[in-house]
Amino acid sequence: MVKHIILWQLKDELSAEEKKQVKADIKAGLEGLAGQIPGLLDIKVQIEGLASSNADLMLDSSFDSEESLKGYAVHPAHVAVADGVVRPNTKLRVCLDYEA
C-alpha cells in the first residue's frame, strides 16, 4: 500500500469565511473521488486543525500501488478538482508519499 499525504496552506488574501468555504469545497471534491479512480483505496480530507497547526487542511489517501498513485495524479476527475478548487486557493503544498 502507498500513502499519499498532502498539507496545504490557503492563500492569505482569502477571508475567514472564504477559507471556510474553500476547505469545505476541497473536502467535498477530493472525498468525492472515492470509487472513481482505480487503485484509490481510501481518501479523507481533514479541515478542522487545532490552533497550533501551521497548515489549513490535509489530504490523507491510500493507494494499492505507486502506479495507482501516478494514475490518480493525471486522472481527469482528480485534475478537475485540483485545477478547479485546490490550486487556485492554495499558496503552499507539502507532500509525503510512502509505502505502508
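Me: Strands are DSSP runs of E, at least two residues in a row, numbered from the N terminus. With that in hand, where is Val 94 in this predicted model?

Reply: Val 94 sits in strand β4.

Me: What makes Val 94 partly exposed?

Reply: Its relative accessible area is 44%. Partly exposed runs between the 20% and 50% cut-offs, so Val 94 with its 44% falls in that class.

Me: And what makes Val 94 part of a nonpolar patch?

Reply: Val 94 forms that surface patch with Leu 7 and Leu 92, and together they have about 230 Å² of accessible area. A patch member needs over 30% relative accessible area, and Val 94 passes with 44%.

Me: β4 comes up with charge too. Why does Asp 97 fit in a negative patch?

Reply: Asp 97 is in strand β4. Asp and Glu count as negative, and at 39% relative accessible area Asp 97 clears the 30% bar for patches. The patch is made up of Asp 64, Glu 66, Glu 67, Asp 97 and Glu 99. Two elements, α2 (66-74) and β4 (90-99), each give two or more residues to this negative patch.

Me: On to the salt bridges. How many turn up in the whole structure?

Reply: Five.

Me: How do you know that Lys 3 and Asp 60 are one of them?

Reply: Their N to O distance is 2.7 Å. The limit is 4 Å, so the pair qualifies. Lys 3 belongs to strand β1 (residues 2-10) and Asp 60 to strand β3 (residues 57-63), so the bridge ties together parts that lie 57 residues apart in sequence.

Me: Why is Lys 3 called buried?

Reply: Lys 3 has 13% relative accessibility. Buried means under 20%, so the label holds for Lys 3. Its partner Asp 60, at 23%, is partly exposed.

Me: What makes Lys 91 and Asp 12 a salt bridge?

Reply: Their closest N and O atoms are 2.8 Å apart, and the cut-off is 4 Å. Lys 91 is in strand β4 and Asp 12 in the loop between β1 and α1 (16-31), so this bridge joins parts 79 residues apart in sequence.

Me: Is Asp 12 buried or exposed, and how do you know?

Reply: Exposed: Asp 12 has 56% relative accessible area, and the class starts over 50%. Lys 91 has 45%, so it counts as partly exposed.

Me: How do you know that Asp 83 and Arg 87 pair up?

Reply: The closest N and O atoms of Asp 83 and Arg 87 are 2.4 Å apart, and within 4 Å counts. Asp 83 is partly exposed, at 43%.

Notes
Residues are numbered from 1 along each chain as its sequence is written. This is a predicted model: local features need pLDDT of at least 70, side-chain atom pairs count only at pLDDT 80 or more; totals for chains, interfaces and linings use all residues. Side-chain values use heavy atoms; hydrogens and water are left out. Patches are made of residues with over 30% relative accessible area and no salt bridge: like charges are joined within 9 Å, nonpolar side chains (Val, Leu, Ile, Met, Phe, Trp, Tyr) within 5 Å. Accessible areas come from the Shrake-Rupley method with a 1.4 Å probe; for residues, only the protein chains shown count as cover. A salt bridge is a side-chain nitrogen of Lys or Arg within 4 Å of a carboxyl oxygen of Asp or Glu. The place of a charge is taken as NZ of Lys, CZ of Arg, CG of Asp or CD of Glu. Helices (H or I, at least four residues) and strands (E, at least two) are DSSP runs, numbered from the N terminus. Buried means under 20% relative accessible area, exposed over 50%, partly exposed in between (1.4 Å probe, protein chains only).
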